[in-house]
Amino acid sequence: MSDNHETVIAATRDWVEKAVIGLNLCPFAKSVYVKNQVRIQVSEASDVRQLAEELAAELKLLADTDPQEIDTTLLVHPGVLQRFLDFNEFLDIADAMVAELNLEGEIQVASFHPKFQFEGTGINDIENYTNRSPYPTLHLIREASIDRAVEAFPEAEAIYERNIETLQTLGLAGWKALFTSKPEQK
């Protein structure tokens, strides 16, 4: 793996803090993040088989852990599935794994990738950035947490459209500036 775990975790945290929470792309993320209930696990996988094994282990761990300890998991895998189409195909394996472990209705897998592209968009269209992360990432989410969040945010279906509007206002230059700005000196 080219990047060490600390670098991968730091870049992932930076993305979560500046984009996911900072731009409010996910209005549910801040509460679990500030409570330290988001597990960021860096995968050692160098092939799909290894990643599937690690995904199974993370799904089991999340299912068996109290949500007050770990509410959600980001399985970041910098050594495999760098091509978005390969990553997108792996999502079928991820869904099958959820079913195989009898976790349907309990945990779902969301996807984030540095080259994420929605169907019908151009590669550099800003709306793709709603799902662009520094490294390929599988987000394991408890469905009970989603249900609670949706109750607290009754217009959850509007999040996607609001995110696109936010990024269109920000623009590609603004997105890039988020991650090139230096931290403020104290």
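Which residue stands opposite Thr137 in strand 4? In this predicted model, the residue opposite Thr137 is Val76, and the pair offers a convenient way into the sheet, whose strand 2 covers residues 72-76 and whose strand 4 covers residues 137-142. These two strands run antiparallel and are joined by five bridges.

The sheet as a whole is open and consists of four strands in the order 1-2-4-3, with mixed pairing. Strand 1 and strand 3 are its edge strands, each of them pairing on one side only, and from one strand to the next the twist averages 20°. Helix 1 packs on this sheet, where it touches strand 1, strand 2 and strand 3, and its direction makes about 140° with that of strand 1.

Turning to Thr137 itself, this residue counts as buried because its relative accessibility is 0%, which lies under the 20% cut-off. Not counting residues up to four places away in sequence, Thr137 touches Leu74, Leu75, Val76, His77, Phe87, Ala110, Ser111 and Phe112, while its side chain reaches the backbone oxygen of Tyr135 at 2.8 Å.

Helix 1, which spans residues 5-21, has as its buried residues Val8, Thr12, Trp15, Val16, Ala19, Val20 and Ile21. What covers these residues includes, besides strand 1 (38-42), strand 2 (72-76) and strand 3 (107-112), two further helices, namely helix 2 (29-34) and helix 6 (159-178). At the start of helix 1, a side-chain oxygen of Asn4 comes to within 3.1 Å of the backbone nitrogen of Glu6.

Terms used. Residues are numbered from 1 along each chain as its sequence is written. This is a predicted model: local features need pLDDT of at least 70, side-chain atom pairs count only at pLDDT 80 or more; totals for chains, interfaces and linings use all residues. Side-chain values use heavy atoms; hydrogens and water are left out. Buried means under 20% relative accessible area, exposed over 50%, partly exposed in between (1.4 Å probe, protein chains only). Contact means heavy atoms within 4.5 Å. A polar contact is a pair of N or O atoms within 3.5 Å; within protein, one must be able to donate a hydrogen and the other to accept it, and residues adjacent in sequence count only if both atoms are side-chain atoms. Two strands pair if DSSP finds at least two bridges between them. Axes are lines fitted to C-alpha atoms, for helices over the stretch in contact, and angles run from 0 to 180 degrees between N-to-C directions.
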